[in-house]
Amino acid sequence: MIHESVLSLVGNTPVVKINRLAPEGVHMYVKLESQNPLASVKDRLALGVIEDAERKGLLKPGMTIVEATSGNTGIALAMVCAAKGYKFVAVMIETFSIERRKIMKFLGAKVVLTPKELKGTGMVQKAEELAKEHGWFQTKQFANLANPAYHRQTTGPEILSAFAGKRLDYIVSGWGTGGTITGISSVVRLGRPEVKIVAAEPTNASLLSGGKFSPHGIQGWAPDFLPAVLDRSAHDILIPVSDQDAIHYSKQLAQKEGIFVGISSGATFAAAMSIAKKAPKGTSILVMLPDTAERYLSTALFADITPDSDKLELVKSRL
């Protein structure tokens, strides 16, 4: 197949069965959003909000787009802007991974860093200031209804299609903007009302359960506010996940399943495992895995991975 643009590759990501990590008798599947062209679920958001703005006449050729991002949305927007001819400026907290900044710059974007003390609210305010000062278009991923709408149009129907005629008991997703879980939930509850929607969030920032925000290591999840696009009733079950469990299951997916995903994916899978370990045999669980581990090379995920030559232990085989 010949594609007219890289943008036509967004969506239709594969669902893969978990073979070694799933408890006996429990069927676990993952939806690999890393198979989008720029390797994260945010490719959907970026394409959705930009094409929505184009249809509404809010974007004109050559305009500059600005957005506050933990990285994946910025990378996705940089890709879409490059393909469509827009300029892009990303605003990020200074603690987000270096590789995310470099990827955006490689795609032609400019990156503005904000102090970590200002948290997510600070980077959003800076993006708003830049938009007003320069007349740039702000995509407003945390408030733009085109974000969950794109998931209603694509991600949700893809899940229903993949599991047509098959058992499905749970769908597990984390939340950052809330677009994925909000969009999926609204579609799945109509088409498969028996399916339970599980939301996962950081233990240190359990805002959906009424807790307070404190810094956490799951990049892309839970800013210090509840986004406007997040439907707070989109989930049936809410599970907190620690940074340690997120890293553990990201590594487990790589080393036991060959599935190379980031910390937020490990966190989502950790929440799914807490369901799976208690579930009766025959239970079917789908887990949304939002991105790739390559976004985390400079983070705690790879802290114990060295580039040095390994010492091999000689193993004597028994005759």
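A cavity is a set of grid points where a 1.4 Å probe fits but cannot get out, and its lining residues have an atom within 4 Å of a point. In this predicted model, the count comes to one cavity of 30 Å³ or more. The largest cavity has a volume of about 30 Å³. Its lining consists of Trp 175, Ile 181, Ala 199, Leu 208, Leu 230, Asp 231, Arg 232, Ala 234 and His 235. By class, six of these residues are nonpolar, one is polar and two are charged.

The open space was examined next. The largest pocket holds about 860 Å³. Its lining comprises 50 residues. Closest to the pocket centre are Phe 96, Ile 218, Gln 219, Gly 220 and Trp 221. Several secondary-structure elements give two or more residues to this lining. The helices are H2 (72–84), H4 (119–134), H7, H8 (243–257) and H9 (263–276). The strands are E7 (170–174) and E10 (284–289). The pocket lining divides into 21 nonpolar, 23 polar and six charged residues.

Helix H7 spans residues 179–191 and includes Thr 180. The relative accessibility of Thr 180 is 13%. Thr 180 therefore counts as buried, the cut-off being under 20%. The side chain of Thr 180 makes a polar contact with the side chain of His 151, at 3.3 Å. His 151 also appears among the residues that Thr 180 touches once those up to four places away in sequence are set aside. The others in that list are Val 41, Ser 173 and Met 288.

A second buried site lies in a loop. Ala 205 is found between strand E8 (196–202) and strand E9 (237–241). Its relative accessible area is 0%, so Ala 205 is buried. Neighbours within four places in sequence aside, Ala 205 is in contact with Lys 212, Phe 213, Ser 214, His 216 and Ala 222. Pro 240 is 35 residues from Ala 205 in sequence. In space, the C-alpha atoms of Ala 205 and Pro 240 are 8.6 Å apart.

How values were computed:
Residues numbered from 1 in each chain as written. Predicted model: local features only at pLDDT ≥ 70, side-chain atom pairs only at ≥ 80, totals over all residues. Heavy atoms only, no water. Helix = DSSP H or I, 4+ residues; strand = E, 2+ residues; numbered from the N terminus. Buried < 20%, exposed > 50% of the residue type's maximum accessible area, 1.4 Å probe, protein only. Contact = heavy atoms within 4.5 Å. 1 Å grid on protein atoms, 1.4 Å probe; cavity = no way out; pocket = protein on both sides within 12 Å on 5 of 7 lines; lining within 4 Å. Points joined across faces, edges and corners; volume = space filled by probe spheres on them. Nonpolar A, V, L, I, M, F, W, Y, C, P; charged D, E, K, R; others polar. Polar contact = N/O pair within 3.5 Å; in protein donor to acceptor, adjacent residues only side chain to side chain.
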